[in-house]
Structures are given as C-alpha cells and as structure tokens.
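Please open the model in your viewer with the chains coloured separately, and follow the selections below in order.

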Amino acid sequence: MVFEEVYKIYWQKIFRLCMGYTNDYELAQDMAQETFIIVWQQLPKFRNEANVGTWIYKIATNNCLRQIENQNRFPKAELPVNLAEEKQATSEPQIKLLYTYISELPETDRIIISLELENIKQAEIAAIVGLSEANIRVKIHRIKEKLTQKFRQNGQ
Amino acid sequence: MDNNTINFNELWQGRTANQLPTDELLKKVNTFKTSNYIKISLTTLAFSLTSFFICWIWISYHPQLVTTKLGIVLTLLSMAIYGFSLNQQYPLLKKMDKANSNAEHLANLLALKKKQQFLQTTLLNVYFMMLSLGIGLYMIEPTGHMTLFWAIIAYGITGVWILFSWLYLRPRQIRKQQTKLNDIIGKFENIQTQLNEE
C-alpha cells in the first residue's frame, strides 16, 4: 500500500470527519494532517490491506477524541500561508448548517453520523466505534431525526 | 425545500479542503519531532547543568564527611528520578495502539491518565523529600565550619525554603497538574458514558 495513494483517496473524507467534529476549518485541517502523519508512520507496519479504510478511520476518530488534551497539537503558525488564507468558505448555507449541527452533537454521535454520511457500512462503523451494529443502527436513526428537527426549527 | 427530503449525504459531501502536497505534509513530521525534542532537551539541560554544578562542588571542595557525599547523591538522584518521570509520559503515549476501536482507545487513554495522575503526585512527593533530605545532609559539613550562630542562620533559611516548597510550591504544583488531568479524565469519562448507553 502506497502512502500517496491512501492520502489521495482519504484526504477529503478524513477532513470532513474532522470538520464535522470541530466545525473549525483550520483546526479540522490540522487534525486531518495529524491523522495522515500517524498513517504515514504506521503504514509500513500495517498488513491487513483489505481493511485499510477501517484502519484509517480508527486512527482519525481516535485522534478526534484526543483533541481534549490539545497540548500535542501543532502550533497554529505552522500552517503554510497559502493554505491558511485560502479558506474554502462554502457558499451553500445548508452545508454550513449541517456541519454546525453535527459539531453540536455529543462526541461519539459526531463520529457515528460522519462515518454514516461518508457511506461506510454500519458493520464497519460498529468496528470503528466499538459498539454493536444494532446499537449503531439505533443511534444513526436518532441522530438523523435530531438533525432533521434542527433544520426544521431553523425554518429551512 | 421539503424538510423530509434533506439529503444529508449530498450536503455532507459538499465540503472539501485543500490538500497539502505529500512532501509538505511529511515536512511537518520533522517539525513536530523537533519541537518535542527541544522541550525534552531543555528540561534535561537544566537538570544536567545543576548536576554538573553539584559535581563540580564535590570535585573542587573535597568533602570529608559521608553525609556531604550522601547529600549530593540524594540531590542528584532526586533530579534524575523527576527528570526521568517527565520524559516517560511521551513514549507511553507514543506506544499506544492508535488503531483500536474508539471504545478501546478511550479505555486505554483513561488508564494511562490515571496512571499519570498517580505518578505525578507520588513522584513529586518523592522528589521533594529526597531533595530536602539531600540538601540537609549536604549542609552538615559546611555548617560545621561556621559558628553556631551562622550555622543556625544557614539551616534556618534553608529550612524556611524547604517548608515553603513543601507547604506551598508542592501542593500548588500537584493541584495544577491534577486539575488539568482531572479535567481531561472527566471529559474522557463523559465520552465513555456516551458509549455505554442502551
């Protein structure tokens, strides 16, 4: 498995996951980069190539959970200028709303719904989070209901 | 827009971010390593300089009493233990498997944090006790050459300093570390309960 390939396939997915978790563009980018640095460091030891996706998502979600102790983070100033300035402020307010609402959910719900919206199989989500599939199914249903409600309250 | 047909998937996929070129991303690995390295080096440097100074005293003043030597060894040892424990936390985190499930990872993190909590309190106490004892023993010889008055003054000042450290600095340091750790532990436990539901 070549790192460049993995990086190319999963970058946007991992960024969205981090973005859903934090709703902060720069922070999400930093977190996604941290994830890929871990992936790069551990890829030579990784054998189970069929499940590379699950593996990366586990690293990424664990990294999200660890944001609580943020002393391990890169200093902010290290972002290359062109990237930091080029904020891809999305023009669609609905997209913004969705990410805002997701980032307001409890931590594990943010992870679960992000993975679901990335079209990951529920069995795989269950493996990543460490809950039963049935439990994941119930949770996804509730989270979607909650999100729909929030959109409705906002008068969309 | 009809509320029942909000396509979350489509909205979700609508968000993208610039991707750093691979070589620039990998450059960050080095920056990260360097900044961590500097932090550890500075602590080690401070301890080394102090140790060097103490050794220099030993060599140039040829202490006669065993208490002086014992004092020096205790002081050096206390710093070594403290420095070692400081540098221990980083490899512990590094060794942890980052590709466990979230539930397992949380459990590991919590166990690690609780271990740190214990280590920090215990080690800080040991450090202070050994350091105080070391200094006390070390001073026996130099004060032996002084008049009683100055010996009392010397021990008095050192004693006050040790009491100040023990009663004020040590609890403050412990409290500071514990507050931070308790906060992190509390948040991790909160996330863990999210996983326990149902």
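Begin by selecting A:Ile112 in this predicted model, and, setting aside its neighbours within four places in sequence, display the residues in contact with A:Ile112, namely A:Ile125, A:Val129, A:Ile136, A:Lys139, A:Ile140 and A:Ile143.

Widen the selection next to the largest nonpolar core, which has 42 residues and in which A:Ile112 is listed with A:Ile14, A:Phe15, A:Cys18, A:Ala32 and A:Ile56 as having the most contacts inside it. On chain A, at least two residues of this core come from each of α1 (3-22), α2 (25-42), α3 (52-65), α5 (93-103), α6 (107-117), α7 (122-129) and α8 (133-153), and α1 (8-13) of chain B likewise supplies at least two. The most is given by α1(A), with nine residues. Apart from this core lies another, of seven residues, including B:Ile72, B:Leu131, B:Leu137 and B:Tyr138.

Now isolate α2(A), where the buried residues are A:Ala28, A:Gln29, A:Asp30, A:Met31, A:Ala32, A:Gln33, A:Glu34, A:Thr35, A:Phe36 and A:Val39. If you place a distance between the end C-alpha atoms of this helix, they are 26 Å apart, which agrees with the 26 Å that its 18 residues should span at 1.5 Å a residue.

Finally, select the contacts between the chains, where 38 residues of chain B are in contact with 52 residues of chain A. On the side of chain B that touches chain A, α1, α2 (22-61), α4 (102-144) and α5 (148-196) of chain B each supply at least two residues, and the largest share, eight residues, comes from α2(B). Coloured by class, that side of chain B shows 18 nonpolar, 13 polar and seven charged residues.

Technical notes: Residues are numbered from 1 along each chain as its sequence is written. Chains are lettered from A and ligands numbered from 1 in the order in which they are written. This is a predicted model: local features need pLDDT of at least 70, side-chain atom pairs count only at pLDDT 80 or more; totals for chains, interfaces and linings use all residues. A nonpolar core is a set of buried Ala, Val, Leu, Ile, Met, Phe, Trp, Tyr and Cys residues joined through C-beta atoms within 7 Å. A residue is buried if 20 or more other C-beta atoms lie within 10 Å of its own, exposed if 12 or fewer, and partly exposed in between; C-beta atoms are placed from the backbone. Helices (H or I, at least four residues) and strands (E, at least two) are DSSP runs, numbered from the N terminus. Two residues are in contact if their C-beta atoms, placed from the backbone, lie within 7 Å. Ala, Val, Leu, Ile, Met, Phe, Trp, Tyr, Cys and Pro count as nonpolar, Asp, Glu, Lys and Arg as charged, and the others, Gly among them, as polar. The expected span of a helix is 1.5 Å times one less than its number of residues.
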